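I open this notebook to record what I looked up in the structure, entry by entry. The topics are a helix, the pockets, the salt bridges and a few single residues.

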Amino acid sequence: MPPLTPRQVPPWHGALWIRQGAYAVLQSPIGWMTSLALWFAFILVCSLFPMLGPVFFSLSLPALFAGMMAGCAAIEKGRSLRIPHLLSGFKSSSRRLFQLGMVNIAGETLLTLVLVLWGGQQMIDLQNLSLDGAENLEQLRAALFSLTPLFITLVLLQVALLMMGWFAPALLRFTDLSTLEALTLSTRGCLVNLPAFLLFTLIMGILLTVATFLSFALPWISGLIGFFIVALIIASVYASYRDVFHEAPLPPVTP
């Protein structure tokens, strides 16, 4: 296969990804619900083991996400999303996907170390401040101002990690790229399409706000709303992958 190169798409494609994602969800609603229900059950089981559970979940997350990418590919071919698609990431490219999981853990560890070593004591002092009196309010403002560089650094690191991992599971699932190559290519794909991603983030933020309001206003369907939003995000990631890496072939996807 020739080397993949991410293409630059128009900014309005950020909205197109969401529309295509919604279409993919509506094409196989039962498949999305059952697969995500299993995913959430897996999260619940991992939460029962405070030490090893989160680590195992972080290691497994890329494989699960890659499995959902395979399910999206099946929908694109006119088939239905099924639970075996979710688990297919553990059978195909599992070693490289677990390596991606290790990168996730390293990134989470880095964020924690930066927070603790840089701003740990300041955060403790901030929590101990009382809001009574002008002097304490001035101390509060000074503390928040001193923490601003830390917050900016954390946001930049989080964005960098997000760009590295956005396309990586799909690239590892559908191509023979190494984990490092997938991380690099994913970052490049995001950087050359920042306007589209900004529009995508804006629209998705509005949808999340509306979904939150509806969940409080209509609590009896809050679960369905949550399922739809999570499915929409996953399907939109796949839509963005197919758009940015349109030259990447899709191998036969079988559960």
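**Entry 1, helix α8.** I began with the burial of α8, where Thr 179, Ala 182, Leu 183, Leu 185, Ser 186, Thr 187, Gly 189 and Cys 190 come out as buried. I keep in mind throughout that this is a predicted model. An α-helix has 3.6 residues a turn, so residues three or four places apart point the same way. I then checked the length of α8, and its 13 residues reach 18 Å from the first C-alpha to the last, close to the 18 Å expected at 1.5 Å a residue.

**Entry 2, the largest pocket.** Next I turned to empty space in the model. Rolling a probe the size of a water molecule over the atoms shows where such space is left. I noted that the largest pocket holds about 940 Å³, and that 31 residues line it, with Leu 161, Leu 162, Met 163, Gly 165 and Trp 166 lying nearest its centre. Which elements each supply at least two residues of this lining? I found α3 (52-76), α5 (94-128), α6 (134-166), α8 (179-191), α9 (194-217) and α10 (222-244), so the helix of my first entry is among them. By residue class, the lining of the largest pocket divides into 24 nonpolar, 6 polar and 1 charged.

**Entry 3, the second largest pocket.** I put the space in the second largest pocket at about 260 Å³. Its lining consists of Leu 16, Gln 20, Tyr 23, Ala 24, Cys 72, Ile 75, Glu 76, Ala 235, Tyr 238, Ala 239, Arg 242 and Asp 243. Two or more of these residues come from each of α1 (13-27), α3 and α10, and α10 gives the largest share, 5 residues. I sorted the lining of the second largest pocket into classes and obtained 8 nonpolar, 1 polar and 3 charged residues.

**Entry 4, salt bridges.** How many salt bridges does a search of the whole structure find? I recorded 2. In one of them the side chains of Arg 7 and Asp 243 meet, with an N to O distance of 2.6 Å. Arg 7 lies in the segment before α1 and Asp 243 in helix α10, so this pair ties together parts that are 236 residues apart in sequence. I also looked up the accessibility of both partners: Arg 7 is partly exposed, at a relative accessible area of 32%, whereas Asp 243 is buried, at 8%.

The other salt bridge joins Glu 76 and Arg 242, whose closest N and O atoms are 3.1 Å apart. Because Glu 76 belongs to helix α3 and Arg 242 to helix α10, the pair ties together parts that are 166 residues apart in sequence. Glu 76 is partly exposed, with a relative accessible area of 43%, and Arg 242 also counts as partly exposed, at 22% relative accessibility. I return here to the second largest pocket, since Glu 76, Arg 242 and Asp 243 are included in its lining.

**Entry 5, two residues.** Is Ser 35 buried or exposed? I find Ser 35 in helix α2 (residues 29-47), where it counts as buried at 0% relative accessibility. Leaving aside residues up to four places away in sequence, Ser 35 touches Met 68, Leu 81, Arg 82, Ile 83 and Leu 86.

I closed with Ala 70, which is found in helix α3 and is buried, with a relative accessible area of 0%. The C-alpha atoms of Ala 70 and Gly 89 are separated by 8.2 Å, and these two residues are 19 residues apart along the chain.

Notes. Residues numbered from 1 in each chain as written. Predicted model: local features only at pLDDT ≥ 70, side-chain atom pairs only at ≥ 80, totals over all residues. Heavy atoms only, no water. 1 Å grid on protein atoms, 1.4 Å probe; cavity = no way out; pocket = protein on both sides within 12 Å on 5 of 7 lines; lining within 4 Å. Points joined across faces, edges and corners; volume = space filled by probe spheres on them. Helix = DSSP H or I, 4+ residues; strand = E, 2+ residues; numbered from the N terminus. Nonpolar A, V, L, I, M, F, W, Y, C, P; charged D, E, K, R; others polar. Buried < 20%, exposed > 50% of the residue type's maximum accessible area, 1.4 Å probe, protein only. Contact = heavy atoms within 4.5 Å. Expected span 1.5 Å × (residues − 1).
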